[in-house]
Amino acid sequence: MRNFLLCFLLLLGTTSYAQQDAKPWVFWYWMYAAVSQPGIHADLVAMKEAGLGGAYLMPVNGKTTYTPAAAQLTPAWWNLVQYASQQADSLGLQLGMHFCDGFAVAGGPWITPSLSMQKVVWTMTEVNGNFNGNLPQPATNEGYYKDIAILAFPLIKEDTSTPVVTTNLPDVNAQILFSKENKENIKSTAPCWIQYTYPRSFTCRSITIRGNNYQAQRLKLSVSDDGISFHKVFQMNAPRHGWLDADADHTYSIPATTSRYFRFDYNKAGSEPGAEDLDNAKWKQSLKITGIHLSNQPRINQYEGKSGAVWRISNTITNTDMAVPQHQIIDLTGRMDAKGHLQWKAPKGDWTILRVGHTSTGHRNVTGGAGAGLECDKFNPAAVRFQFDHWYGEALKRARLSVLHVDSWECGSQNWSPVFRDAFRKQHGYDLLKWLPAMAGIPVDNGAASEQFLLDIRRTINQLIQVNFYDTLSALAHARGVAFSAESTAPVITADGMEHYHAVDYPMGEFWLRSPTHDKPNDMLDAISGAHVYDKQIIQAEAFTELRNNWDEYPGMLKTTIDRNFALGINKLVFHVFAHNPWMDRKPGMTLNGIGLYFQRDQTWWPYVSAMVNYVTRCQYLLQQGKPVVDIGVYTGDNLPKRAVLPGRLVPLLPTLFGDSIIQREKRRLANVGEPTREMPAGVTASANISRAEDWIDPLHGYAYDSYNNRRDSSRYRVSLTLTDTLQHINIPPDFISGEPGIAWTHRSAADKEIYFVSNQQDKERHLQLSFRVQNKIPVLYDAVNDIYLQPEKYQYTQNRTELPLALPPNGSMFVLFTDKPMENVHQQKVYTPFLTLDNPWKVSFAPQDTVLFEKLTDWREHAAEKIRYFSGTAHYVQQVYITDPPADILIDVGNIADIAAVKVNDIDCGITWTPPYRVDISGAIRPGVNKIDIAVANTWANRIIGDRTGPKTTFSIVPDKQAGDHLLPGGLLGPVKLLTGHAAADAIKQRVYNEIKIPVPAHDTIFAVR
C-alpha cells in the first residue's frame, strides 16, 4: 500500500500538483519609469494564466516620454511596487527583486565615492639627490582620492628618447602613437607594420599597448640595427579576457633588447575565433591601436590583469629583469604632508618615488534610472549593507518578496578597499606595503616572488568578494526570510567564477537565443558545476536573452534549446524578458529596446503559451529531484581568475572519449583559416568559428563531467583530472549510450528512482536503441509534453545495463525512469493510424465579423488578400465533420502549423499543440454524428509589423520595425489535418509485468517484449 501511495503521489506531483519551485519564472522589467496599475494587473494575471510561478521585478532605465512617469524611488513608484506585491499575493505568484535599480550590480545615488568600488592608482617621480616638492597626485575619479603609501626604491632612469614613428600605411601619421595623451586610433584591415626609429641605440624591456583591440595584442616585434635587415624578438599573445576589458592597458615584458629600429608587424592570420574568455577576438578582425610605448624599465608581464584591475588570464613569467630588492624599498609615507609635499634626500643613484593610493573605479549601475549611482564597494560589508538598506530593505517595507537577486556582474573589477590591507595580512600572514610597487608593474625581489604576491592579491580579492559581498548578502536575505539568487561573476571580477555559489540558494546561468557573440556557455557551466559542488538543488538559467528580437519567436522553436539546457543540468528557467507594458491599447508595446525574447502578455501566442510552460514545469519537477550523476571531475586549477571548464578545453585531455571527428573539427575551428565571418543576428558580423553550445551535445559520449574548484572535492568523482592531464582510457562503463549524434541527456539519482532525461536535438524523427547503466529496475517512460506515463515497447537486461528502444518525434524528449516497484497509471504505447482526412473547405475567422472560406489550406503569406497576408494573431479554422461510429481513442493530427494551435471539438477544449507531432487527444469530446472542429492557430507579430510599413499602422513598439526582417513568415493551419485512431502496442506479457507486484530479477539477459 505504501508503494502504491508513493507512486500515486509522484503522478500527482508531475501534473496539477507540481511544487511551486518547479514553475518557471520571468524577468519582469519595468522600463523607462513607464508603469501603470492596469498594466501591472494585466501582466500578473497573464503570468498566472500561463502557469508561471513568479517574477524578478527589475526596473530598467530612466523616464522618457511616458506620462505619468513613475521614476524609481519616488512615492508614486513605491506605491506601484506595493500594488504589484499585493496583486501577486492575491494570484499566488511570488516576486523577487534585484539588488539595485537596473540589472548591474549593486549601486545607487546614496553610494558616495568613499563607499564605491576602489582601485589602486599611482604616480612615479624620478629622483637623483635631494627632492623638495609636491608629488603629483594619481588619477582621481569622482573627486575622491586617498593615499595608501609613499615608497622610494632604486630603479633605472627612464629613457625619454623620442623615436620617429612611421608605417607603411598610406597617408597615416603614425607619430601619434608615441604620445601618451593620444586618443585617436590607427586602423588597418590589411597586414602592415609600424616602426619606431630611435636616434641612438635604445634598450627595451617592456612594451605597453594602449587599446583593447585583439589584433593590437598580436603584434610581432622585430628589430634591426640598419633599418633593412630585421630579426624577430617577440610575438605578443593576447591574454584571455572578458567582454568588459577596456579598464586597463596591456603591458608586455620582453627580454632586454637593444637596437635602433623596432618594427611591429600586424597580420591577422592565425587569429583565434574568439570565446567568452577571448571576447575581442569574436568580431570581424582588423587592427585598431591608440598607442605603443617602449620602455627601458622592467615591468611585470600583464600586471594589469595580475593585479586584479581587470579580469585577464596570462602566462606567469618569472625571469623579470632588474627587480627591485625589497630591502631597498624605503617607506616615506609619514614624510609627505597633507598637501602632497615631500622633502627627502635620496641615497646615491637613480631613485623612483611611488605615490600610490586608491580612487573610485567610477563604475555605476548604468542600466538604472532614478536609482542609478556609483557601484558600492564589494569588499566592504558596511557598504554592502548600506546598499541593501537603501534599496532592497526599502522594498521589503512595502512588498512581500521571496528572493533577492543579483544579476550578472557588469561593473568591472576592483583591487582595493579600506579593508583590503588588513584582509590581505590576515589571509596571507604578511604585510603588502613594500610589495605595492608590483601592483604598478615594478618587479620586487624577483619575478617569481612578484608573481606570487600578485596571486596573493587576487586571492584576497576572491576572498573578499565571497565573504564580504556574497556571504553578507546571503545573511541579510536569510535574516529577512528571503532566498538568495545570483548569476555569474566571470569574466568581469577577478575571482573564482564558481565559488560565490556557495552562498547562493539559487545559482543562475545565462543562455542566449541566436546571438553567438553574446551566448554564455561558460556562465552556464559556472552555475551548474558550482551548484553541484555546493549541493544546491535548484539551478536557474536566464533563458533566451536575445541580441535582437526578430518578432518571429514562438514556443516550438524554443524547445530544443530548453531541452539541451535541461540536459546540461539546468532545472529552473527564468524567461528573459517579460517587459511590463503600461499601455492597455498598444501592442506589441514595451520591450527591452528590442533585446530578449518577447515573452509577455501582448505576444500573439500568449493565450496558448501555457502548454509550453506546463511542459517546462513537469520537466523541472523531475529534474529538481535527487542528485546529479557525474562520473568525471575536472579541477579548475590554482590560478585566479578561473571558472568552469568548457568541453572544448577538454579535447586534449580526453581524446579517446571525444573521438577523432571532434578532435579534427576542433583543430579546424581553432585554426580559423581565412578568419571567416557570419552575420547573426542581422547587422552583427562576427567570427563564424565561435564555438556554439549546440556543437557540444553529449561531448563525452555517455559520460557527464563537472568542474570542481577545490582539490578536496576530487573524491566526489569516479575519475578526476587536472588541466595538464591526458587520459586515453576510462575504466568505467558509460552512463548512457545512444549511438547517435544529437541526443542530449542527463541523469539524476533519487531515493526511489533513477531519472534520465533524453532529448532529440534534431528536426527529424529518431528511432533509438538506448543503453543505461542501470540494472534490475523497471523502466517507465514519462512524456512531459502530454503528461503521460508509458510502458517501453520492450526492455532488456544485459551486462549490468538496461537496454530499450525509444522513438522520439522531431525535437522530441522523454524521461526514462527506473524504479524498484511498478508504478500505477502507466499506459501502453499505441500506434496511431489515420482513418479520416479533413479536406473539406474551412471557415476561417480572423476577427469576430471577418470569416473567409478556405477551399484548401493555404499559407497566410501566400493569400491574395493583404489583410490575411499581413495578419498576426489568432484565426479560428472551423469545419463540421460527420462520424457515424467514432472509435473510442481518437487524436487529431493537424499536420503542420505556423505556429501554435488550440483544438476544440463541439466547444470542448481538448488541448494545445506546440511541438511535433502536432496532435491532440479529442476522444472525450467527439460524438456520433456531426462534430464541430475548431482549430485556433496563432502566428507571430512579424507579418503585421512588416505590413505596417506600407499600410495603415496598427502596431506600436518602441523599437524600429526593421527587426522583423523583410520576408513574410509562414502562418496558419497548413495541414493536412487527419483523425487518427490508436492501437495497443503491448501484449499480455508486458501487461502482466507491470501488474505484478513482485518482479523476478533475471539471472541472465532477459527481454520483455510485445509483438
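Helix α10 (residues 555–568) lies across the strands β35 (743–749), β36 (753–760) and β42, and runs at about 145 degrees to β36. Such angles are taken from 0 to 180 degrees between N-to-C directions, the axes being lines fitted to C-alpha atoms, for helices over the stretch in contact. Helices (H or I, at least four residues) and strands (E, at least two) are DSSP runs numbered from the N terminus. The model is predicted: local features need pLDDT of at least 70, and side-chain atom pairs count only at pLDDT 80 or more, while totals for chains, interfaces and linings use all residues. Residues are numbered from 1 along each chain as its sequence is written, and side-chain values use heavy atoms, without hydrogens and water.

The strands under α10 belong to an open sheet of seven, in the order β28-β35-β36-β42-β38-β39-β43 and with mixed pairing. Its edges are β28 (627–628) and β43 (826–827); each has a single partner strand, so one side of each lacks a neighbour in the sheet. Pairing requires at least two DSSP bridges between two strands. Strand β42 (residues 813–819) pairs with β38 (residues 778–783) in the antiparallel sense over five bridges, and L817 of β42 is the bridge partner of V780.

M524 sits in helix α9 (residues 521–533). With 1% relative accessibility, M524 is buried (under 20% relative accessible area; exposed is over 50%, partly exposed in between; 1.4 Å probe, protein chains only). Beyond four places in sequence, its contacts (heavy atoms within 4.5 Å) include F511, A541, N565 and L568.

Average pLDDT, the predictor's confidence in each residue from 0 to 100, is 94 for the protein. Over residues 987–1011 the pLDDT is below 50. Where pLDDT is low, the predicted coordinates should not be read in detail.
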